[in-house]
Protein chains: 2
Amino acid sequence: MSVNEETGSAVTLSDVARLAGVSIATASKAMNNRHDVAEATRQRVLAAAERLSFTPNQLARSLLSGRSGTVGLLTSDLEGRFVLPILMGAEDALGAGQINVFLCDARGDTIREQHHLRALLNRRVDGIIVVGRQTDPRPSLGHEVPVPVVYAYAPSDDPTDVSFAPDDVAGGRLAVEHLLSGGRRRIGHVSGDRTYAAARDRVTGAGQAFAAAGLEPVEEVLFGEWSEHWGRDGATMLLERHPDLDAIVCGSDQIARGVQDALRDQGRVVPDDVAVVGYDNWEVLATNARPQLTTIDPNLQRLGRAAARAVFDAIDGQPAEPGAHRLPVRLVLRGSTTPRPGPALAGGRLGSA
Amino acid sequence: MSVNEETGSAVTLSDVARLAGVSIATASKAMNNRHDVAEATRQRVLAAAERLSFTPNQLARSLLSGRSGTVGLLTSDLEGRFVLPILMGAEDALGAGQINVFLCDARGDTIREQHHLRALLNRRVDGIIVVGRQTDPRPSLGHEVPVPVVYAYAPSDDPTDVSFAPDDVAGGRLAVEHLLSGGRRRIGHVSGDRTYAAARDRVTGAGQAFAAAGLEPVEEVLFGEWSEHWGRDGATMLLERHPDLDAIVCGSDQIARGVQDALRDQGRVVPDDVAVVGYDNWEVLATNARPQLTTIDPNLQRLGRAAARAVFDAIDGQPAEPGAHRLPVRLVLRGSTTPRPGPALAGGRLGSA
DNA sequence: AACTGGCGCGAAATCCTTTTCGGACCCTAG
DNA sequence: CTAGGGTCCGAAAAGGATTTCGCGCCAGTT
C-alpha cells in the first residue's frame, strides 16, 4: 500500500498518470476535481490512484502553496496538569480543520523555547499557540515572528499580543456568591501560593463578592502552597481561631481535599456544619472526595479551542482582538455545599489503569 | 527577521547567494560545511545568511531528502493520565535528536485513528509511535504502513510488532515482596477493574510473590473499579472479615487513598497497624496521602523514551526486536509501609496554579 | 610555451505537486 | 470547405534546497 511495487519507493502522481495513460497535469486536475477534465478521464485517474493507493505528498504541496497546514504547540511544561486539557481543546479544533499539530515542550527553559521556535519556523508552521503552565503573564515571543501567535492560559506580557486565560476573578466571585446564597456567613479562605496570579485573582474575585454583599471573611486570606497538606494545615488553623465557621473557600481542589480531611478530623460534617468550595474541577479529586466537591471549572478545553480558533482565523487573515481575553468559568455543584448531596451533577470518569 | 524586507516573503537561499555574490549552489555548500568551497567565500556566505537571518526551508529539504525529520505520536486518548508521561519521554528523546513530533488524538475511535494515520503518512512522517491508554493489547496498525511503528503502553496484538509496556507482573510481585520482607503476613488485596490487563497482571505478580514465600493472601483478590470510592468500600469489607489484617496491596494509588481513608475511619494506624502499598506513583496522590504512599512506579517517562529510541533506531535501519518488551518498574518507599516515615524519597512537585 | 592537475565555483537536475497557458481536436455554422 | 468556438489535455514553470558534474583558471612541471 502506498508504496510502488516496482520501485519500492512511495507512489507519486506520475505513477498514477502513467497507469491512467494521461499526463501528470491531468492526473492532478482529476484528483482535485478541477472541471477541465472529461468525466471518463477523471474516472480512469481515480481508479488508477485507488489501485496504487496514491496519497499526495503534503511536503510538495506545502512547498508550492506556501502553507504547511501545521500549527506549533509550544508548551512551557507538559507536566503541568493544566496544559493537557488546553492541548486537547486545541488539537480538537485544529484537527477538525485538517491541521496537524507540532508539539514542543520547552520545560520552562527560555533557551529551549527559542530553539523550538526556530525549529517550528523552519518547518514553516502556519501559526503558533503558546501554552503556559500558570496564569501569570509570560514574556512575549515578540513581533518578529512571521506567523500568528496566540497565548493560552499564560497570557503574554505584551498587551498587543492575543492571549486567552480563564477569568479567575469571576471564578473567585462565583465561589463566594454561591456560599453566600446558601446562607453561609462565617466564611474562611484558604488559598494557594500568593506568588501565583491564580491565587491573587481568585482572592480578588472573592473579595468583590464579599464587598458586594456588605460582608467580610472571618479573617485575612490564608496563603500557602497548592497542596492537600497545606489545606489540612490551613483549615486546622482556621477552625482553631474561628470554631463557628460555616464555610471555607479553597484556592484549589487539592487544598479543598485537605480542608475536608481536616474538617472530618475535627468532627465537622461537610456540608451540614461547614461548606467547602474548591477550584479547578479536577475530576479525579473532586468526584472522589467525601462528599463530592463543589468547585469552579475553568473550562480549559474550551480555552484551548478558543485559542486554536484564534490562530486559525488569524491564518485566514482574520486576527483576533489583541489583549488578554478572559474566558468564563463555571460553578459545578456537588455535595460539599448542598445539604442533600443527591446524584453528582458531573459524572466523573474513572481514573486508573 | 527571517523575512525579506524587499519582497516581504521568506528569505531563501537565493537571497543569500545574491547578497554574497555567489551562486545558489555555492551558498548551499557554504552553509552545509561542504569542503569544496574557499574559506573566504564561506565566510561571505555565512555573513550574508546572518544578515538576512536566513533559515533553510525544511519543507524543501525534506522533499528532496525523502526524510521529514518528524514522527507521528498517535494517542488513543489524550485525557488518559498515563499518556502524558509517555508523551513527555518521547518528546524528550526525539527533541534531542532534532526530530519534531506530530501529535494526534484519536479519542479511542478507530475511524479517527485511520484518518490521522493517513494524514501522518501524507505528511511523510519518518515513523509512528502509538500510545494507548491501557495496557491491554490493541489492534495492530498492520504491516502495510511504510514507516516504522512502535507501540507504547498498550502493546499491539500482533506479536511481530514492536511494543513497550510496563512490567505489571513484576510490579505486583515487588509490592507483595516488600510487604512480606517487612514482616507482614495477613495481607489483603484490593484491585481495580478485572477487565483490565493492568489489574490482572498485577494480581498475577502478587500471586507469584505469595507462592514463592509459601503464603497466601487473607482471601481472594477483590476486584472493583479504579477509584478511591472502591478503595474505601473494599477496605471496609476486608476489615470486617479479617480484623487481624496487617497489610493491604492496592491496584492503584487512587484505590490506596481510599483504603487509607477507610483504615483511618476504623481507627487503624498506617503503617503501624496496617501497611498500604499503591500502584502508579501518581505523585499528587501519593505524596499528599497520610502517611505518604509507598507505591510502584511504572516509570512511564522512561517507557516513552524507550519507544522513541526504538522508532529512531528503526528509522536508521536498526529495527528493534519484535514483541512486547516489558520495561522494569520500581518500588518507591514512603511512609505507608515503613514504621518511621522519615523524609520522603521522591520529592513531589507542587500541583496546582 | 604547452600541458597537467587541482581547486573553486556554477549550471542544471532532482524531489513532487499545482497551475497556467497554449495546442490539438472535434463539431457546427456560414 | 473553412473559420470559429468549445472541450480536453499536456508542456512547462514554480516552489526552495541539495548534489552531481563539468568548466575555468591558476600554479607548477617539462
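In what order do the strands of the 12-strand open sheet run, and is the pairing mixed or not? The order is β10(A)-β5(A)-β4(A)-β3(A)-β1(A)-β2(A)-β2(B)-β1(B)-β3(B)-β4(B)-β5(B)-β10(B), and the pairing is mixed. Keep in mind that this is a predicted model.

**The shared sheet**

Let's start at the ends of that strand order. β10 (323–327) of chain A and β10 (323–327) of chain B stand at the edges, each with a single partner strand, so each has one side without a neighbour in the sheet. On average, and ignoring direction, neighbouring strands here are turned by 25° against each other.

Now for the place where the two chains meet in this sheet. Strand β2 (residues 100–105) of chain A pairs with β2(B) in the antiparallel sense, over three bridges. Here F102(A) has F102(B) of β2(B) standing opposite. Further along, within chain B, strands β3 (residues 127–131) and β4 (residues 149–152) run parallel and are joined by four bridges. I129(B) stands opposite V150(B) in β4(B).

**How the two copies relate**

Chain B can be superposed on chain A by a rotation of 180° with 0.0 Å of shift along the axis, giving an RMSD of 0.1 Å. The two copies are thus related as by a two-fold rotation axis. That same surface serves both copies, with 96% of the contact residues of chain B recurring in chain A. F102(B) turns up again here: of the residues of chain B, F102(B) comes closest to the rotation axis, with its C-alpha at 2.3 Å.

As for the interface itself, 52 residues of chain B are in contact with 54 residues of chain A. On the chain B side, the elements giving two or more residues are α4, α5 (83–96), β2 (100–105), α6 (110–122), α8 (197–212) and α9 (228–241). Sorted by class, that side of chain B has 23 nonpolar, 17 polar and 12 charged residues.

**Around the DNA**

Both DNA strands have residues of both chains among their closest neighbours. For DNA strand C, the closest are T12(A), L13(A), A25(A), A60(A) and A25(B). Chain A supplies α1 (13–20), α2 (24–31) and α4 (58–65) to the surface near strand C, and chain B supplies α2 (24–31) and α4 (58–65), counting elements that give two or more residues.

For DNA strand D, the closest are A25(A), T41(A), T12(B), L13(B) and A25(B). By the two-or-more count, chain A gives α2 and α4 to the surface near strand D, while chain B gives α1 (13–20), α2 and α4.

Here is how the two surfaces break down:

| DNA strand | Surrounding residues | Largest share | Residue classes |
|---|---|---|---|
| C | 27 residues | α2(A), five residues | 15 nonpolar, nine polar, three charged |
| D | 29 residues | α2(B), five residues | 17 nonpolar, nine polar, three charged |

**A second sheet in chain A**

Chain A also has an open sheet of five strands, in the order β6-β7-β8-β9-β11 and with mixed pairing. β6 (187–190) and β11 (330–332) of chain A stand at its edges with a single partner strand each, so one side of each is left without a neighbour in the sheet. The twist from one strand to the next averages 20°. Packed on this sheet is helix α9 (residues 228–241) of chain A, which touches β6 and β7 of chain A and whose direction makes about 150° with that of β6(A). β6(A) itself pairs in the parallel sense with strand β7 (residues 247–250) of chain A, over four bridges. In that pairing V190(A) stands opposite C250(A) in β7(A).

**Backbone oddities in chain B**

Two cis peptide bonds are worth a look. One runs from V270(B) to P271(B), with omega near 5°, and P271(B) lies in the loop between α10 (253–265) and β8 (275–279) of chain B. Another goes from R290(B) to P291(B), with omega near -10°; P291(B) sits in the loop between α11 (283–286) and β9 (294–297) of chain B. Then there's S53(B), a residue other than glycine with a positive phi, near 45°. S53(B) is in the loop between α3 (39–52) and α4 of chain B.

**How far to trust it**

Chain A has a mean pLDDT of 91, and 93% of its residues reach 70 or more. Residues 341–353 of chain A are another matter: the pLDDT there is below 50, though the stretch has 33 contacts in the model beyond near neighbours in sequence. Where pLDDT is low, the predicted coordinates should not be read in detail.

Terms used
Residues numbered from 1 in each chain as written. Chains lettered and ligands numbered in written order. Predicted model: local features only at pLDDT ≥ 70, side-chain atom pairs only at ≥ 80, totals over all residues. Near = placed C-beta within 6 Å. Nonpolar A, V, L, I, M, F, W, Y, C, P; charged D, E, K, R; others polar. pLDDT = per-residue confidence, 0-100. Contact = placed C-beta atoms within 7 Å. Pairing = 2+ DSSP bridges. Least-squares fit on C-alpha atoms with pLDDT ≥ 70 in both. Axes fitted to C-alpha atoms, helices over the stretch in contact; angles between N-to-C directions.
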